[in-house]
Amino acid sequence: MVFRKPPDGGWGWVIVVVSFFTQFLCYGSPLAVGVLYLEWLDAFGEGKGKTAWVGSLANGIGLLASPVCSICVSSFGARPVAIFSGFMVAGGLMMSSFAPNIYFLYVSYGIVVGLGCGLLYTATVTITCQYFDKRRGLALGLISTGSSVGLFIYAALQRELIELYGLDGCLLIVGALSLNILACGSLMRPLESSSSPPPEKMCVDKVPDQYFVYHEKEKTVEENISILEKGYIDEKCVNNVPDCKQESILNKNVLSSINVNEKETYKKKVVEQTNFCKQLAKRKWQLYLTYWKETVVLFKNKVFSALFVAILLFDIGGFPPSLLMEDVARSANISEDDYYMPLISIIGIMTTVGKLVLGILADFKWVNTLYLYVTTLLMTGVALFAIPFAKSYLTLAMLSGILGFLTGNWSIFPYVTTKTVGIEKLTHAYGILMFFAGLGNSLGPPIVGWFYDWTQEYDTAFYFSGFCVLLGGFLLLLVALPCWNACTNQSSKLPPNTYSYKVASNA
């Protein structure tokens, strides 16, 4: 499919608006699942680790399935995928209102809603990148704030709906609101070139002649032709018995005259189809091998290898606060009268600010985006270590704001990936990194919950979380240091289209 040049405006701004509201509607409830987490703890009486799986699956399964989501969007287009995913998110939320146990929620809320969110994220990012080139960073920054604004609003909205209509009513209403995704998806008009010719379909007639070389004897061809001859003669004999012998002789004469041509035509068709299937299978196998060869080349890049470890450890340690902060406050015996705003809402609004500020900083030439990303990791680790010492709403609110702002580093992560592997390998590398990010999202909250079930306090859990994030940050910093790059560049060259990070004013 051939696309026109990105207009960097026009209908593209409509795409930005509907993508913003799509992420707002689909990610609002999963990111603010901490409010529902408290209700599920009371309703089902399960452990914190087991209950935390619901929210972690909802936020991680979409990233784990990012390669599948990318294939779906590439095959069917952003608009059909967005409409279908809207039904998935709305249906999953409504089904969750009838959940009899926590295991039902694993499927309805964790897998169905999570997979729908992953498909919608891929669709919105893909359609936005098609419409923008020079202003792509701004456009992606604007649509990414939709999920953060959704977190801010849905945290308060779900709490209010639970008080008015209960947990089941809250999920039904939130699911009904998600149906607005269908209207947003219908406006995602693909950017296609109307003058471009349709792609040629592969068929047997267009297979090159060299594929028709076939050195084996086809015994089944002779057998099939003899069966056809016998069937033709038998049919005539049954219909007209007296003339059977005469027609049999005539038929043999006719068949003998065209027998050679039919055999050659039949052989040619069989050979063409056989070789076409062989070449198609060979081509698919070559693509499969090429994919794994490119993956191996990516991991030979020291910075990329450190980056995937850092993103995995960051999501294991940095994601749990957005899910468990409300329970942390309840475990600290903070009175609800002291609440001026839900802690999850603070995380949400500060994440929006962080995405915008960090995204703007990444556009400056004098800012090294890798070192900026490492700085956010190290500061996140320090903030996680400080959570056990926060015993009041004010200190927890300040730490929530800091963690929310630093979580906005998601907006610069594509910049870091592009500078590390090059624009040509961005899709491949980003899919791998998002898989590990989803793995971290899925494992982080349950691990913290299990620590609480084991120790009956959150201190050890957040020490572990802070250690994971700091370890990833220091590892990435060590690999990105100029002295390390100088040593590695002497022994081996970086893969093509790879950016070597150096401490310079115009890095």
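The following questions and answers concern helix packing and helix geometry in this predicted model.

Q: Why is α2 called roughly antiparallel to α3?
A: Helix α2 (residues 33–44) and helix α3 (residues 48–64) pack at an angle of about 150 degrees, their axes being 10 Å apart. Angles over 145 degrees count as roughly antiparallel, and therefore α2 is roughly antiparallel to α3. The crossing of these two helices is right-handed.

Q: What makes the contact between α2 and α3?
A: From α2 come V33, Y37, W40 and L41, and from α3 come K48, T51, A52, V54, G55 and N59. By class, this contact of α2 with α3 has six nonpolar, three polar and one charged residues. Gly counts as polar, so G55 of α3 belongs to the polar class.

Q: Why is α14 called oblique to α16?
A: Helix α14 (residues 369–386) and helix α16 (residues 413–421) pack at about 135 degrees, with axes 9 Å apart. Roughly perpendicular covers 65 to 115 degrees and roughly antiparallel begins over 145; the angle fits neither, and α14 is therefore oblique to α16. The crossing of α14 and α16 is left-handed.

Q: Which residues of α14 and α16 meet?
A: T369, L370 and Y373 of α14 meet F413, Y415, V416 and K419 of α16. The residues of this contact divide into five nonpolar, one polar and one charged.

Q: How do you know that N101 caps the N-terminal end of α6?
A: A side-chain oxygen of N101 lies 3.1 Å from the backbone nitrogen of Y103. A polar contact requires N or O atoms within 3.5 Å, so this pair meets the distance cut-off.

Conventions
Residues are numbered from 1 along each chain as its sequence is written. This is a predicted model: local features need pLDDT of at least 70, side-chain atom pairs count only at pLDDT 80 or more; totals for chains, interfaces and linings use all residues. Side-chain values use heavy atoms; hydrogens and water are left out. Axes are lines fitted to C-alpha atoms, for helices over the stretch in contact, and angles run from 0 to 180 degrees between N-to-C directions. Helices (H or I, at least four residues) and strands (E, at least two) are DSSP runs, numbered from the N terminus. Angles under 35 degrees count as roughly parallel, over 145 as roughly antiparallel, 65 to 115 as roughly perpendicular and the rest as oblique. A crossing is left-handed if the near helix is turned anticlockwise from the far one by less than a right angle, and right-handed if clockwise. Contact means heavy atoms within 4.5 Å. A polar contact is a pair of N or O atoms within 3.5 Å; within protein, one must be able to donate a hydrogen and the other to accept it, and residues adjacent in sequence count only if both atoms are side-chain atoms.
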